[in-house]
Amino acid sequence: MMGDLPKCFICGKPANATGSHIVPAWLIAPCVGERDKEESYRISINSGQVDAFYGSANKKNNENAIETEIKEHHYTLDNIFCSNCEKKLGVIEGNLKEHLICSVSENANKSLYSLSSLTSGIPYKTFLKANLNEYLVFWYSIVYRWYIYHLVRSGCNQHIFNVRDVVLLRKILKEFIMTGNINDSAGASKSFRFFVISKLEFDATDPRLIGEFDRNGHNEFYSCQFIIEFYAHSDNFDPLEIPYNELINSADCPPTLILFSNEQWVERIYELKKNVPGFLKNVGKRLAGITNQDSQKMIQEYQEELTKLKAEEQIDLNHFEIAEKRIIKKYALKH
Ligand SMILES: [Zn+2]
């Protein structure tokens, strides 16, 4: 078809690239890598949406009739970039992969980073050999793609950034893609501050999310093993109020990665999942369908189970599941 293609969200040329990843595949590979077994949540607090995705081989698709629907993969969109921009972003992603993936693997190449601690004791990595501009542009491109994703999916109704922020993000990305530097958009780059959080090491039971979360005015992006807390110009933030202010990534600072302890990490994901509007409602509905009980009662029991699990220090990837299973088991025994 020779009809008008949409325009590339970066350079404005016809957007002919297909299957653009919203988040680079390798970044979320531990969440969605095994395509058939993947399980993830797309969460948007702005629109109050929680959408669970389960791969075809994930047992949740048929277990206890919890999920019967095989949903589409959320994380690609067609015709948002031209092939040139898509290709250049791919190069940046490829260059950073080694640094970021190493940062969370047991076989980390120790010469790529130094490990230090804040005075508060929080450990962090400084990437010694990653290119700072690439590091900035990489994370900018991810938050920009989340913006496009919400815009496209909502039929242009959902804007997670203000117009000015979008213009600035686009300016930086365009300049870097065209010239390999961000000289002209250095000022634009100062409009954004962000920090990235991960854990020292991940194992299969660590909880992970993919999604975007609007927290008190600034956006947080969950990309599996990384959390990006992003402060845009229009968020009107007070720099002193930003946590881990010393580790803010910007044009003036070396690229860093904050390393949460196991507890901090689990707590963060747990808190987010628990507070998602609709999350509890869906759990209640699901449990009510299985146990023939009232869904409000089920929500209450579910929360009690979570509290118990928390007290037993059993919070891990499966604690939501364990809580549900305990309730299902309890009512199954009564019949
Ligand atoms: Zn383009």
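Begin by selecting Arg 215, whose bridge partner in strand S9 is His 218; strands, like helices, are DSSP runs numbered from the N terminus, with E over at least two residues for a strand and H or I over at least four for a helix. What you have open is a predicted model, in which local features need pLDDT of at least 70 and side-chain atom pairs count only at pLDDT 80 or more, while totals for chains, interfaces and linings use all residues. Residues are numbered from 1 along each chain as its sequence is written.

**The paired strands**

Now widen the selection to strand S8 (residues 209-215) and strand S9 (residues 218-224), which run antiparallel and are joined by 7 bridges; two strands count as paired if DSSP finds at least two bridges between them. Within S9, Phe 221 is the bridge partner of Glu 212. Because 5 of its 7 residues are buried, S8 is largely enclosed by the rest of the structure, and S9 is mostly covered, with 6 of its 7 residues buried. Here a residue is called buried if 20 or more other C-beta atoms lie within 10 Å of its own, exposed if 12 or fewer do, and partly exposed in between, with C-beta atoms placed from the backbone.

Next add strand S10 (residues 226-231), which pairs with S9 in the antiparallel sense over 5 bridges. S9 and S10 form a hairpin with 1 residue between them, and in S10 you will find Phe 230 standing opposite Asn 219.

**Helix H3 and the cores**

Select helix H3 (residues 132-153), whose 22 residues reach 32 Å from the first C-alpha to the last, close to the 32 Å expected at 1.5 Å a residue; that expected span is 1.5 Å times one less than the number of residues. H3 is mostly covered, since 16 of its 22 residues are buried, and just after H3, Gly 155 takes a positive phi of about 65 degrees.

Then show the largest nonpolar core, which has 66 residues, with Tyr 140, Val 143 and Ile 228 having the most contacts inside it. H3 gives the most to this core, with 12 residues. Such a core is a set of buried Ala, Val, Leu, Ile, Met, Phe, Trp, Tyr and Cys residues joined through C-beta atoms within 7 Å. Centre the view on Val 143, which touches Asn 219, Phe 221, Ile 228 and Phe 230, leaving aside residues up to four places away in sequence; a contact requires C-beta atoms, placed from the backbone, within 7 Å. Apart from the largest core lies another, of 9 residues, among them Val 283, Tyr 302, Leu 306 and Phe 320.

**An exposed loop residue**

Move to Asp 252, in the loop between S10 and strand S11 (256-260). Asp 252 is exposed, with 10 other C-beta atoms within 10 Å. Its C-alpha atom is separated by 9.2 Å from that of Leu 132, although the two residues are 120 residues apart along the chain.

**Confidence**

Finally, colour the chain by pLDDT, the predictor's confidence in each residue from 0 to 100. The chain averages 79, and 76% of the residues score at least 70. Confidence is highest in helix H4 (residues 163-179), at a mean of 95, and lowest in strand S3 (residues 49-54), at 49. Over residues 44-49 the pLDDT stays under 50, and over residues 53-72 it is likewise below 50. Where pLDDT is low, the predicted coordinates should not be read in detail.

Definitions and conventions. Contact = placed C-beta atoms within 7 Å.
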